[in-house]
Amino acid sequence: MSIERRQFAAFSRLLHWTMAVMVLTMLCIGVAMVASLANYHMLVSIHRPLGIAILTLVVIRFVNRLLNRPPPFPATMARAERLAATTSELTMYGLMFVLPLVGWGMLSAGRYPIVLYGSLHLPFILPHNAMLHAVLRKTHTILAYLFFLMFIAHFGAVLFHTLIVRDGILKRMAPWNIRPREAPSTE
Amino acid sequence: MSNNTTAPAQAGQPGLGKASTLARFALIGVALAAVAGTFAYFGGWFTPNDLTPARFTDGFEQVDGVHPGFRRNHAKGAAVSGFFESNGNGVRLSKAAVFRPGRVPVIGRFSLSGGQPYVADQPDTVRGLGLQFSLPDGELWRTAMVNLPVFPFSTPAAFYEHMIALKPDPSTGKPDPANMKAFLERHPETVQALTVIKGQPFSSGFGNSTFHGLNAFRFTISAGDSIPVRWLLTPEQPFEAAPSPQPLSPAAGERGRGEGARTASAPQDKNYLFYALIAQIHGQPLRWRLIVIIGQPADPTNDASIAWPEGREQVDVGTLTLDQVDSDDTSAARDINFDPLVLPAGIAPSDDPLLSARSAVYSRSFTRRAGETKQPGAITPADVRKGD
């Protein structure tokens, strides 16, 4: 019982770290491919299916989030800080969902095939419309930079709590299981 | 365990000294800067002089000006449509569905190289043909071809360098010939390619032009089993040589500015190539054979400036029929990016560095023009209806 309350569920932690790697890879590929001639095609060929994988996983993760409540915030976090943490969590969930969807939409409007593997490809979800492509393309970039800023804020906040406040906040999301605390004798 | 998660931090937690706190803040700062720096590195912020898709596209705009809504290269064009009828000969070469016997719809666009949408047709301007084959299962195959037997450049950097060498000098309004001379001295492969190009005189119009895919690709039948190929479209319309001036002057290159060749008599109408195309298609459908050239293992696949040796096996895989012509203004082709790396399963890129660069720059050009207000093109819907 005390394990459950101190840490996110094991599946939640698995999703968190898997998607953390995927999202960071995705952001780096995205910013690199638009600046690259030689590696553009290779990077784009990873970017598209990886984005769809993130879109699929975030749906699973959202359902999981509803089923598995997170452990309580440490007592070191003030009300405003908790609100900020909750808002940023919600924003990142939103971005993990909307960014791939905007990508899919912009490629649909520009009639770029979204090839997953071999001849397996996604259908177009928007009509062929150049201006729509341009607007969504710009939106995709802006949201991606916003996501990177959200990540920096998230990473900074965790470091702050871990190194300065020292409230062991990272243990909530540690990939390994934290041993339960010695239960007080009254329990 | 001193710092458990649910107890207040101040309980039983020894305070940090001032120096220790500062050091820890510094550590946090370094960690965040490292992450941001890595991101910036991938984005090319530390290498601002690298040739990027954006800079490449800027190059077209510097040389030809910005013409909102138009392609940054091959700006002037007209749309066509029809079908490709596969004869089944390609099935043994590639598993791509397009090579199974039968018809697939095709939409395409004839164009002139260069970024000026209202430029006058010239017999020696490089002609382009972009095609999109719509495969039965929803896959798309796009190819962007030109009427040159080889490409004058083997790397994206050389293409860019050549383009900038052609930039008009502000004082004379013409490119400085010294720049071109210097370019050709640095790029013997271009000199060699231009010799090959000059050996194949231009035809009189779009309809009797041979269009080459230029880059090598790989056909795959099953995983791990691929062969190097090139492809071209040979016209069924009989060859007739272009009026002089022709062929390309040495300075022309892919972008087809026949400097020095411009003085000779050019046909009267500034849209004569397109008007002839329209009249021909209204008369009867235009047809090309799609020929696949099978490379040998030793043939270079990474250099579009070199033709493969004579005598390579050539397979006629089917017939392209174009029976409709349309203005850019009213055709879906205007908003198609004829990205040569939109490929179905069964056709894969080769190691030619031009391919990824073409894909990247076409995409950047497409994104720019997609967001701009469209202007009517040189070839109007009324032009297309004429003689219908």
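**Close-up 1. B:Arg230 and B:Ile293 face each other across two paired strands of chain B.** In this predicted model, B:Arg230 has B:Ile293, a residue of strand S8(B), standing opposite. The two strands concerned are S7 (residues 225-235) and S8 (residues 286-294) of chain B, which run antiparallel and are joined by seven bridges.

**Close-up 2. Strand S8(B) also pairs with strand S9(B).** Eight bridges link S8(B) to strand S9 (residues 314-326) of chain B, and this pairing is again in the antiparallel sense. B:Ile293, which stands opposite B:Arg230, also stands opposite B:Gln314, a residue that belongs to S9(B).

**Close-up 3. A helix of chain A crosses a helix of chain B.** Two packed helices are described by the angle between their axes and by the distance between those axes. Here the axes of helix H5 (residues 130-165) of chain A and helix H1 (residues 18-42) of chain B come within 10 Å and cross at roughly 160°. Because angles over 145 degrees count as roughly antiparallel, H5(A) and H1(B) are described as roughly antiparallel to each other. The crossing of these two helices, H5(A) and H1(B), is right-handed.

**Close-up 4. Residues that make the contact between H5(A) and H1(B).** On the side of H5(A), the contact is made by residues including A:Phe148, A:Ile152, A:Phe155, A:Gly156 and A:Leu159, while H1(B) contributes, among them, B:Arg24, B:Phe25, B:Ile28, B:Leu32 and B:Phe39. When the residues of this contact of H5(A) with H1(B) are sorted by class, 15 are nonpolar, two are polar and one is charged.

**Close-up 5. The side of chain B that touches chain A.** In the contact between the two chains, 48 residues of chain B meet 44 residues of chain A. Helix H1 and helix H7 (353-370) of chain B each supply at least two residues of the side that touches chain A, and H1(B) gives the largest share of that side, with eleven residues. By class, the residues on this side of chain B divide into 29 nonpolar, 15 polar and four charged.

**Close-up 6. Chain B as the setting for the views above.** Chain B contains eight helices and ten strands, and its C-alpha atoms fill a box of roughly 95 × 55 × 45 Å, taken along the principal axes. Of the 388 residues in chain B, 46% are buried. Among the contacts in chain B with a separation of 6 or more, 75% are accounted for by residues that lie 24 or more positions apart.

Technical notes. Residues are numbered from 1 along each chain as its sequence is written. Chains are lettered from A and ligands numbered from 1 in the order in which they are written. This is a predicted model: local features need pLDDT of at least 70, side-chain atom pairs count only at pLDDT 80 or more; totals for chains, interfaces and linings use all residues. Axes are lines fitted to C-alpha atoms, for helices over the stretch in contact, and angles run from 0 to 180 degrees between N-to-C directions. Helices (H or I, at least four residues) and strands (E, at least two) are DSSP runs, numbered from the N terminus. Angles under 35 degrees count as roughly parallel, over 145 as roughly antiparallel, 65 to 115 as roughly perpendicular and the rest as oblique. A crossing is left-handed if the near helix is turned anticlockwise from the far one by less than a right angle, and right-handed if clockwise. Two residues are in contact if their C-beta atoms, placed from the backbone, lie within 7 Å. Ala, Val, Leu, Ile, Met, Phe, Trp, Tyr, Cys and Pro count as nonpolar, Asp, Glu, Lys and Arg as charged, and the others, Gly among them, as polar. Two strands pair if DSSP finds at least two bridges between them. A residue is buried if 20 or more other C-beta atoms lie within 10 Å of its own, exposed if 12 or fewer, and partly exposed in between; C-beta atoms are placed from the backbone.
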